[in-house]
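Here is a short, friendly tour of one protein model, with an eye on its strands and its charged side chains. Please keep the sequence and the 3D view open as you read.

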Amino acid sequence: MILGAGPIVIGQACEFDYSGTQACKALKDEGYEVVLVNSNPATIMTDPDMAHRTYVAPMTSELVEQVLEKERPDALLPTMGGQTALNLAVALAESGALERYGVELIGAKLDAIKKAEDRELFKEAMRNIGIKTPPSGIGNTMEECATIAESIGEFPLIIRPAFTLGGTGGGIAYNKEEFEAICKSGLAASLTSQVLVEKSLLGWKEFELEVMRDLADNVVIICSIENIDPMGVHTGDSITVAPAQTLTDKEYQRLRDYSVAIIREIGGRMWWVQRAIRGQPCGWGGHGDRDEPRVSRSSALASKATGFPIAKMAAKLSVGYTLDQIPNDITKKTPASFEPSIDYVVTKIPRFAFEKFPGSQPVLTTQMKSVGEAMAMGRTFQESFQKAVRSLEYGFSGWGCGRIKELDWDWDQLKYSLRVPNPDRIHAIYAAIKRGMKVEEIHELSFIDKWFLSQLKELVDVEQFLLSTALPELSRDDFYEIKRRGFSDKQVAYATKSTEYEVRAKRLSLGVVPAYKRVDTCAAEFEANTPYMYSSYDLECESSPSQRKKVLILGGGPNRIGQGIEFDYCCCHASFALQEAGYETIMMNSNPETVSTDYDTDVLNVIDLERPDGIIVQFGGQTPLKLALPIQNYLEKQQLPSASGAGRVRIWGTSPDSIDAAEDRERFNAILSEADALSIASEIGYPVVVRPSYVLGGRAMEIVYGDDKLVTYLENAVEVDPERPVLVDKYLSDAVEIDVDSLADSYGNVVIGGIMEHIEQAGVHSGDSACSLPTKTVPIKCLEIIRSWTSTLAKRLKVCGLMNCQYAITASGSAIGHPLAKYASLVMSGKSLQDIGFTSEVVPLHVSVKEAVLPFDKFQGSDVLLGPEMRSTGEVMGIDFDFSMAFAKAQIAAGQKLPLRGTAFISLNDLTKPHLAAIARGFQELGFQIVATSGTARVLELEAVPVERVLKMHEGRPHAGDMIANGQIQVMVITSSGDALDQIDGRQLRRMALAYKVPIITTVAGALASIEAIRCLKQSSMKMLALQDFFTTPADSKNLQTAASSTTI
């Protein structure tokens, strides 16, 4: 049995779908029957044909024990599911469940997990082998933490909770007040209520070594990784480079020795991924920091960086293989015990989303905050770094050769940004160099190694050369030097005051084209036929484009809120389906966490080289959609013949013009209805919903209540995309929102894939709302209208492939049994819906409920309210034959406790007060006491509902916050008034609920659904059912697909 990682959260993302999928395939190939448990539906690993038995359900020890009892596996593999799976394995072992059912823990034994994750045991292990650790101590209470701090004797101090993910609950304390707050948070976050308090190593250099060990005690170093950011920034938030760049050979060998010693000390019958050995910025001094008994984000990066499939190899090691018995899939000549060697540089840069959490400070510490990352490869650090900057999709064409805000900052602001780690520090470095600051001074402010700073200074020097040179003056050698340093055509155009097209034409006229190099694990020592490549301006091209029918699939780029793993899911299914249909498939992406990642480079260069029959842009979210029109314009101009000889290269599926009509708010509004924002708002009346075009995750969408707020909004929307229109809609405050996934072919046939009802009211982004499939409250007449409108829209837009529509009604995929992404790719290749056997809507007999997972605890100061801008990082799914039980499963899987008794605090705004009595009576019937503030209490008293009054935060003591702190409130229902007082009083109360882990419900629909879920849990027990149990035939089971896996045109 394999444990997955659950929903995508900050610190635990797509890399665990990658590892889980690899493990499932590897173990099935070895003849094992695989049982998988995971609560995340939007993954390749939860496809029913990936494992023999698949449980998409809450990952609690009680419920997973049900699976152990039912399936009786021989072994449990927890090392593919991140911290979630490790903690769950420890709970199952310590409760005696594994022993009761005769299940062996493989991959990492219990004592080894504890030795690595328990701060005290790890410190003792390091002492046993003579490796230094910083002065520190273990605290289980606030008093113990204070004593340790006193013994260390100086600030800053680092607080690291045990058994947590992504540094959750930890941080850097610069004074006693911060120390107490972080220790309190850390003790609450730790599975074992344990924190490590240690002396700060801020400014030290940080390295990671990915290490594997087998049962025969063979150890291999897979990859070394160096953090550009020094200690004090979580490694997931740091820019990292592989292999390590600034170590001498002697220093690197010492790190190898340390790593081998650590893995053998922690050891046991298992494999390990080793994390983080540190070196001082001045002279050498090493410290062991942490060891992870599982795959990690760094493992996925190392796998993609080296071509060495760590998760696959680790799965085989866990069942008894030794490294010398496992062949290297890439070289076909060397075993896994042959250490990878790379002759290129890989750079990873994280992507952040602070803009979605107003009130949070964009400061990086030991608690991870990034939501995704981009990876790039090049022959030099400069080349891979610039490509990674481009791949982040922040609008940069590279590092430099562009206008950035930091150039206008005063010196104090610039120095602050260099000194304090933040997402834009790398651009502050550019501004500082550009304005004349010396490398030495930047190093003293940032502690970033001088080697990296010198490399960046060289890039600025090249930019200065370009600024003083006209485009016609650039020679072939100049172009090669420029391109080998990672400069894009757009950057060259900016510096030489020309256009990107002119630069490209000049470059091609000189014969300067990218070469494609293979990632072969052996630095070209052995011949390798891997199709895994990256581009570089090298003279020897190792690519051998075929003459077969082929398709280029554009991926989604770096993970971010609004564009996550579901797009990787769609891209992979399209690839699988088209391969089965006889096509060679080419995947292009820049995200190292995903299953789909192949290589990152310029799209047009790949089109020129491969000349595919078709290009698919519909499965990667907004990233490829924005490229659709430019690619189409290029193809129309070049008229490229396909390599197979079967016509010209073209974009498959819905035409770029139709995509633009759907994405451009102004064009789409014109289609629906065949000025000025303020006049529109005045005409339709406030509140209004305003939304820009071509955005994902509701970026910059807001509910606006007046002219002043609308003016402020329009200024921000222009920053999102100044060339796209903004749509102003009437806000429907009490509407039900519907999501419809449909499939259309080029013959005019349209079939509904699924109709999902949002549980939260319209106005909450669909990504943040719980959804039910099939619908629960929508009348049949409304469903008929929705089906008709969907078909009409698909035909009007000439859709070929998938289409997602959203409707509001006033006063799709693992859930329906059909793989829409696979079907869509076949439809794009020219097949009809009749050809693939999908001709009618499927309405399942069971109920699937999707719930969002939100990261508010990572962003101090942000409110927890839901709105039109998406904030969730992931999702879970609950499946049952009863809606209330499916909803309960989804809530528990998302980490939302559903108390069965206690006190409910209720505070509703005037718009939602008509629902107040129903909510209060619902909780009262379940045995809850009701407490409310004055306005809400007054309405309840008029309705004869017993209620206890409590003061608001500003009215005096004791207030509602005191009740939360004293454990007197078990669940809260709050709908915000949005006024100035609520922004202070209400926000503080909601943040307190989050801090004390009190379930907080911020919508009426969510409250009513929660009441029914609690009622269901009080009346019956939760049963674990495999996905395969919900379908009657093997074919149905094999075709299961998630409601989360649909995409939008």
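## A buried charged pair and its surroundings

Aspartate 229 and arginine 425 are both buried. Please keep in mind that this is a predicted model. The two side chains come together in a salt bridge, with 2.9 Å from N to O. Where do the partners sit? Aspartate 229 is found in the loop between E11 and E12, while arginine 425 belongs to helix H14 (residues 425–434), so this contact ties together parts that are 196 residues apart in sequence.

Right beside arginine 425 in the numbering, aspartate 424 has a salt bridge too: its side chain meets that of lysine 405, at 3.3 Å from N to O. Here aspartate 424 is in the loop between helix H13 (411–419) and H14, and lysine 405 is in the loop between helix H12 (381–391) and H13, so the pair links parts that are 19 residues apart in sequence. Is aspartate 424 buried or partly exposed? With a relative accessibility of 27%, aspartate 424 is partly exposed, because buried means under 20%. Lysine 405 is also partly exposed, at 46%.

A further salt bridge joins lysine 109 to glutamate 104. Lysine 109 is partly exposed, with a relative accessible area of 23%, and glutamate 104 is partly exposed as well, with 39%.

The three pairs are set out here for easy reference.

| Acidic residue | Basic residue | N to O distance |
|---|---|---|
| Glutamate 104 | Lysine 109 | 3.0 Å |
| Aspartate 229 | Arginine 425 | 2.9 Å |
| Aspartate 424 | Lysine 405 | 3.3 Å |

How many salt bridges does the structure hold? The total is 42. Some of the charged residues form a network: Asp343, Arg379, Lys517, Asp538 and Glu542 are linked by salt bridges.

Now to the strands on either side of E11. Strand E11 itself (residues 219–227) is mostly covered, with nine of its nine residues buried. Strand E10 (residues 205–213) pairs with E11 in the antiparallel sense, over seven bridges. Within this pairing, glutamate 210 stands opposite cysteine 223 of E11. E10 and E11 make a hairpin with five residues between them, and in the turn aspartate 217 has a positive phi of about 70°.

E11 has another antiparallel partner in strand E12 (residues 240–242), to which it is joined by two bridges. If you would like a residue pair to look at there, glutamate 226 has valine 241 in E12 as its bridge partner. The loop between E11 and E12 brings us back to aspartate 229, the residue paired with arginine 425 in helix H14.

How values were computed:
Residues are numbered from 1 along each chain as its sequence is written. This is a predicted model: local features need pLDDT of at least 70, side-chain atom pairs count only at pLDDT 80 or more; totals for chains, interfaces and linings use all residues. Side-chain values use heavy atoms; hydrogens and water are left out. Buried means under 20% relative accessible area, exposed over 50%, partly exposed in between (1.4 Å probe, protein chains only). Helices (H or I, at least four residues) and strands (E, at least two) are DSSP runs, numbered from the N terminus. Two strands pair if DSSP finds at least two bridges between them. A salt bridge is a side-chain nitrogen of Lys or Arg within 4 Å of a carboxyl oxygen of Asp or Glu.
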